[in-house]
Amino acid sequence: MIDLRSDTVTKPTEAMRRAAYEAEVGDDVYGEDPTVRKLEETAAELLGKEEALFVTSGTQGNQIAVLSHCALGNEIILEKEAHIFYYEGAAISAFAGVQPRTLKGIRGALQPSDVVAAIRDDDIHVPETGLICLENTHNRAGGAIIPVENMAQIYAIANGAHIPVHLDGARLFNAVVASGHAVQDFTQYTDTVQICLSKGLGAPVGSIIAGSHAFIKKARKWRKRLGGGLRQVGILAAPGLIALTQHVERLAEDHKRAEKLAIGIANIEDLQLANQVETNILLVDVEKKGITAHEFVAQLKDKGVLANAFGPTLVRLITHYDISDQDIDDVLSVLQHL
C-alpha cells in the first residue's frame with residue numbers, strides 16, 4: 001500500500017530506533033530524564049522561547065496551552081477550520097471551559113480587521129477574550145503557509161489588547177522550509193507555540209510546547225493533570241531529538257513530491273486541485289466524476305493507495321518521508337486509470 005493518508009503514518013528510522021534503545025533515561029516527572037531535558041532545551045533554543053515541555057501529542061499540547069492561558073468562561077479567537085476547533089473533540093470547552101469565536105480566514109489566515117472586531121469589549125454580557133490561536137501551516141487550507149507579515153499584524157493587535165497568542169505549529173517546519181524563513185521569524189510573533197515531532201519530522205510520538213518560564217510552569221502542572229506526566233520517557237524523546245535536529249531540511253523532498261503529484265493531477269480529466277500546493281498537502285476535488293470522496297477513496301484503496309476523504313467531494317493526499325518518487329509515479333498511474 002502507498003499510504004498518503006497523513007504524514008503521521010511514518011515509521012521510525014533505524015537511527016531513531018537505535019536512539020530509543022540507547023537513550024539515557026530517568027523519571028521525567030521528577031525532572032530527572034536527561035534525554036528529555038536535552039530535547040526540551042534544544043527545542044526552546046530553536047524556537048526562541050525561554051523554556052519547552054515534551055508532551056504526548058499535538059492535541060495535548062494545544063489543550064495545555066489553552067488551559068494555561070485561559071480562565072473558565074473565556075472566549076478564544078481562531079480560524080473557523082482550525083485544528084483546535086475542528087479536530088480536537090471540543091476539548092477547549094470540555095476541559096478549559098472556554099468557548100470558541102471562529103472567524104473565516106483567507107487560506108487559513110485570520111484577517112486583522114476581523115480580529116479587531118472580534119475582541120470583546122469590557123461588558124458584563126460577554127465573555128473576555130482570553131487567547132488568539134493561529135495555525136501554521138493550516139491543515140484544512142491545504143497546508144497553506146500563514147505569512148510572517150500576517151502573524152506580525154495579529155500579534156500587534158493582540159499585544160495592544162493584552163491578549164496572548166498561541167501558535168498551533170504542528171507543521172511549522174513545513175512552513176519554514178517552503179518559505180525560506182527561519183523558524184524564529186514565525187515564533188517571534190507568538191507567546192507560545194506547539195510543534196509536532198510525529199508528523200513530517202517522522203518521530204514515532206510526541207510534541208513540544210514552548211513559551212516563557214511562567215507559562216511552562218503552569219503547563220507542566222496541566223500536563224500532569226491530563227495524565228501526561230510520563231516516567232522514563234527518554235525512550236520517546238530520543239527519536240524526537242533526531243527528528244528535530246536531522247529531519248527538518250529533508251521536508252523539501254516531501255514538498256517536491258507533492259508538487260510533482262499536483263502537476264500530474266492537473267492533467268487528469270475530472271480531477272481538480274482545490275488548493276494551492278505550497279507544502280506537502282494536496283486537496284483533490286472529485287465532484288466532476290459524479291462520486292463522493294468516500295467512494296473515490298474506496299476505489300483508490302482497491303488499487304493500493306490510501307487517502308482520506310476531506311469533505312463531500314474533497315480527498316486529501318499528504319506526502320512524507322516514506323513516500324518515494326516511484327510511489328508518486330505509481331499513484332499518478334492509478335489516478336489516470338481511475
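Is Tyr21 buried or exposed? In this predicted model, Tyr21 has a relative accessibility of 74% and therefore counts as exposed, the cut-off for that class being over 50%. Tyr21 belongs to helix H1. Between the C-alpha atoms of Tyr21 and Ala238 the separation is 8.9 Å, although the two positions lie 217 residues apart along the chain.

The UniProt record, an unreviewed entry, assigns residues 3-287 to "domain: Aromatic amino acid beta-eliminating lyase/threonine aldolase". Over residues 3-287, helix accounts for 41% of the chain and strand for 16%. The C-alpha atoms at the two ends of this range are 23 Å apart. An unreviewed UniProt entry also lists Lys199, under "modified residue: N6-(pyridoxal phosphate)lysine". In the model, Lys199 is placed in the loop that runs between strand E7 (192-196) and strand E8 (207-211). Lys199 counts as buried because its relative accessibility is 14%, and the limit for buried residues is under 20%.

Salt bridges were examined next. The structure contains 14 of them. One of these joins Asp28 to Arg223, with 3.2 Å between the closest N and O atoms. This pair links distant parts of the chain, 195 residues apart: Asp28 sits in the loop between helix H1 (14-22) and helix H2 (34-47), and Arg223 in helix H10 (residues 213-225). Asp28 and Arg223 are both buried.

Helix H10 takes part in another such contact, in which the side chains of Glu51 and Arg220 form a salt bridge with an N to O distance of 3.8 Å. Here too distant parts of the chain are linked, since Glu51 is in strand E2 (residues 51-55) and Arg220 in helix H10, 169 residues apart. Glu51 is classed as partly exposed because its relative accessibility is 24%. Arg220 is likewise partly exposed, at a relative accessible area of 28%.

A salt bridge is also formed by Glu81 and Arg140, whose closest N and O atoms are 2.7 Å apart. Glu81 lies in the loop between strand E3 (75-79) and helix H4 (83-86), and Arg140 in the loop between E5 and helix H7 (148-160), so the contact ties together parts of the chain that are 59 residues apart in sequence. With a relative accessible area of 22%, Glu81 is partly exposed, whereas Arg140, at 15% relative accessibility, is buried. In addition, a network of salt bridges links Glu75, Arg101 and Arg120.

Two surface patches are described here. A negative patch is made up of Asp121, Asp122, Asp123 and Glu128. Of these residues, Glu128 is located in the loop between helix H6 (112-118) and strand E5 (129-135). The relative accessibility of Glu128 is 52%, so this residue counts as exposed. A nonpolar patch of about 210 Å² is formed by Val25, Ile235 and Leu236. Leu236 is part of helix H11 (residues 234-246) and is partly exposed, with a relative accessible area of 30%.

Helix H11 is followed by a loop leading to helix H12 (251-266), and His247 is found in this loop. His247 is buried, its relative accessible area being 9%. From His247 to Asp191 the C-alpha to C-alpha distance is 25 Å, with a sequence separation of 56 residues.

Some features of the backbone remain to be described. Most peptide bonds are trans, and most residues other than glycine have a negative phi. The bond between Asn136 and Thr137 is a cis peptide bond, with omega at about -5°. Thr137 lies in the loop between E5 and H7, and Arg140 is placed in that loop as well.

Positive phi values occur at Ala90 and His162, neither of which is a glycine. For Ala90, phi is near 55°. Ala90 is in the loop between H4 and helix H5 (91-94), where it is partly exposed at a relative accessible area of 46%. For His162, phi is about 60°. His162 is in the loop between H7 and strand E6 (165-169). His162 counts as exposed because its relative accessibility is 74%.

Notes:
Residues numbered from 1 in each chain as written. Predicted model: local features only at pLDDT ≥ 70, side-chain atom pairs only at ≥ 80, totals over all residues. Heavy atoms only, no water. Patch = residues over 30% accessible without salt bridge, like charges linked within 9 Å, V, L, I, M, F, W, Y side chains within 5 Å. Areas by Shrake-Rupley, 256 points an atom, 1.4 Å probe, with all protein chains shown as cover. Salt bridge = Lys/Arg side-chain N within 4 Å of Asp/Glu carboxyl O. Lys, Arg positive; Asp, Glu negative; His and termini not counted. Charge placed at Lys NZ, Arg CZ, Asp CG, Glu CD. Helix = DSSP H or I, 4+ residues; strand = E, 2+ residues; numbered from the N terminus. Buried < 20%, exposed > 50% of the residue type's maximum accessible area, 1.4 Å probe, protein only. UniProt positions renumbered as here; feature names shortened; annotations may be inferred.
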